[in-house]
Amino acid sequence: MLKSFLFKIRDHRRKQGRRYQLGHILLFSILAILSGADSYRKIQSFIDNHYDDLNEIFVLNWKRIPAHTTIRDIIQGTCASELEERFRQYSAHLSERNGEKHFIACDGKVLRGSFDHFKDQKAIQILSAFLSGSNIILAHEEIEAKTNEIPTAQDLMSKLGLSGYIFTFDAIHCQEKTLKTAEETSNEVIVQVKANQKTLLNDCKMIAETMTPEQFYQEPLSKVRNRIESRRVEVFTTMSLTDSDKWALVKAVVKVHRKRALFNTKAKAWKNSDEVSFYISTIELSAKEFCQAIRNHWGIEKRNHYVRDVTMGEDSSRIRTNPHIFAKLRSFALNVIRKNNVQNVSLALFNNSMKLDNVLNYVSIL
């Protein structure tokens, strides 16, 4: 199935120079990444070691294995917009929608190793749309050098062409236009409120202090290793905001009180912390649903960013020419892993490196 999407990408090379099909190189690169490859040399090594099996399955009949420089040139020359288009189509195919509410977390990430001081090139930043629950990456959007996440996220909401979803954002996106973009695309928004919207934040605090919540939910204690956490969520739907015209789309104010205890193994003592945060929403949900949506939003850090940086080596990658192309290939690989409900990504990559069949047997590959 993955092959059918990749082979729809147009090859912009001259026909005389197409010794290796673009679709095969992209597909084998993703298979290599699923086996732990994090560079062009390792992709070449993967193809070299598994050539007999790949040739039998895909009928390659190559006269020689492509050099890592050839693989590099082919990947870096791939049209980023066409690759992104196919990625979004593939991701939409993986994320089958049922009647439940669906939440999309949006957050930016820097490709830290993509900077090039010699060329005065800053590290590239990419905004991702992440489907909470299934953990599928739906789309990416490169953040231009002279802008930031805010207009990029608004543009991405429009370009996705989705409706009936609930987008979750961190505080930088607490903007009137972001809420209006959601309304125009028939979607909803839950966004954190911080000091960048000082008047709104003060309103939220005043509402929480002076009014009785319409709903509340006390999350059960969760114990993970050396951490104990609990959350209490309060929902206010009767409110009075200072800039009522500006925030006319707001249907609910949400207060989240998180208590956490961390055990310091050196001091042999628990350290307690209390944190209160506020959110606004363009949709009314139950307190439990708000709790789950807000908690799931930060899953993009743990299940996407952390895995990419630590397990897949994205942070340490020194690919400087079109690094977002390789980043998209990682996303293809990560979506395959999530579709197959892999819990330990690091262990899966290690096992895949020893046996090609592990990768080929994944649902959504062939």
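Helices are DSSP runs of at least four residues, numbered from the N terminus. With that in hand, welcome to a set of close-up views of a predicted model.

**View 1. Asn-61 sits in a loop between two helices.** The loop in question joins helix H4 (51–58) and helix H5 (68–76). Look at the backbone here: Asn-61 has a positive phi of about 55 degrees, although it is not a glycine. With 57% relative accessibility, Asn-61 counts as exposed.

**View 2. Ser-364 is another non-glycine residue with a positive phi.** The angle is about 85 degrees for Ser-364. You will find this serine in the segment after helix H14 (356–360). Ser-364 counts as buried, because its relative accessibility is 5%.

**View 3. Leu-347, Phe-350 and Met-354 make a nonpolar surface patch.** The patch covers about 330 Å². Met-354 belongs to helix H13 (residues 345–354), and at 54% relative accessibility it counts as exposed. Ser-353 is also found in helix H13; this serine is partly exposed, with a relative accessible area of 36%. Follow the chain from Ser-353 to Leu-34 and you cross 319 residues in sequence, yet their C-alpha atoms are 8.0 Å apart in space.

**View 4. Phe-46 is a buried residue of helix H3 (residues 40–49).** Its relative accessibility is 7%. Leaving aside neighbours within four places in sequence, Phe-46 is in contact with Phe-28, Leu-31, Ala-32, Ser-35, Leu-54 and Leu-356. For a sense of scale, the C-alpha atoms of Phe-46 and Trp-247 are separated by 54 Å, with their positions 201 residues apart along the chain.

**View 5. The largest nonpolar core has 90 residues.** The members that touch the most others are Phe-28, Leu-31, Leu-34, Ile-75, Phe-167, Ile-280 and Phe-332. Helix H2 (residues 22–33) gives the most to this core, with nine residues. A second, separate core has 16 residues, among them Val-233, Val-235, Val-256 and Leu-285. In soluble globular proteins, nonpolar side chains tend to be buried together. Zoom in on Ile-280 and, not counting residues up to four places away in sequence, its contacts include Cys-174, Leu-179, Val-189, Leu-200, Trp-247 and Val-253.

**View 6. The cysteines form zero disulfides.** Cys-106 is in no disulfide, and the nearest cysteine sulfur, that of Cys-174, is 15 Å away. Cys-106 is buried, with a relative accessible area of 1%. Why is the sulfur of Cys-174 not bonded to the one in Cys-204? The two sulfurs are 7.8 Å apart, too far for a bond, since a disulfide needs them within 2.5 Å. Cys-174 is buried as well, at 0% relative accessible area.

**View 7. Asn-135 and Arg-330 are two buried polar stops on the tour.** Asn-135 lies in the loop between strand S2 (125–131) and strand S3 (136–143), and its relative accessible area is 16%. Beyond its neighbours within four places in sequence, Asn-135 is in contact with Phe-130, Arg-303, Asn-335 and Arg-338. Arg-330 is found in helix H12 (residues 323–339), with a relative accessible area of 3%. Not counting residues up to four places away in sequence, Arg-330 touches Ile-33, Arg-308, Met-312, Glu-314 and Ser-317.

**View 8. Salt bridges, of which the structure holds 21, link charged side chains.** Arg-10 and Glu-82 meet in one of them, at 2.7 Å from N to O. This pair links distant parts of the chain, with Arg-10 in the loop between helix H1 (2–6) and H2, and Glu-82 in helix H6 (residues 80–94), 72 residues apart. Is each partner buried or exposed? Arg-10 counts as exposed at 56% relative accessibility, whereas Glu-82 counts as buried at 10%.

**View 9. Asp-309 forms a salt bridge with Lys-109.** Their closest N and O atoms are 2.7 Å apart. Asp-309 lies in helix H11 (residues 299–311) and Lys-109 in strand S1 (residues 103–110), so the pair ties together parts that are 200 residues apart in sequence. Lys-109 is buried, with a relative accessible area of 10%.

**View 10. Glu-84, Arg-88, Glu-141, Glu-142, Asp-155, Lys-159 and Lys-328 are linked in a network of salt bridges.**

Methods: Residues numbered from 1 in each chain as written. Predicted model: local features only at pLDDT ≥ 70, side-chain atom pairs only at ≥ 80, totals over all residues. Heavy atoms only, no water. Buried < 20%, exposed > 50% of the residue type's maximum accessible area, 1.4 Å probe, protein only. Patch = residues over 30% accessible without salt bridge, like charges linked within 9 Å, V, L, I, M, F, W, Y side chains within 5 Å. Areas by Shrake-Rupley, 256 points an atom, 1.4 Å probe, with all protein chains shown as cover. Salt bridge = Lys/Arg side-chain N within 4 Å of Asp/Glu carboxyl O. Contact = heavy atoms within 4.5 Å. Core = buried A, V, L, I, M, F, W, Y, C linked by side-chain atoms within 4.5 Å.
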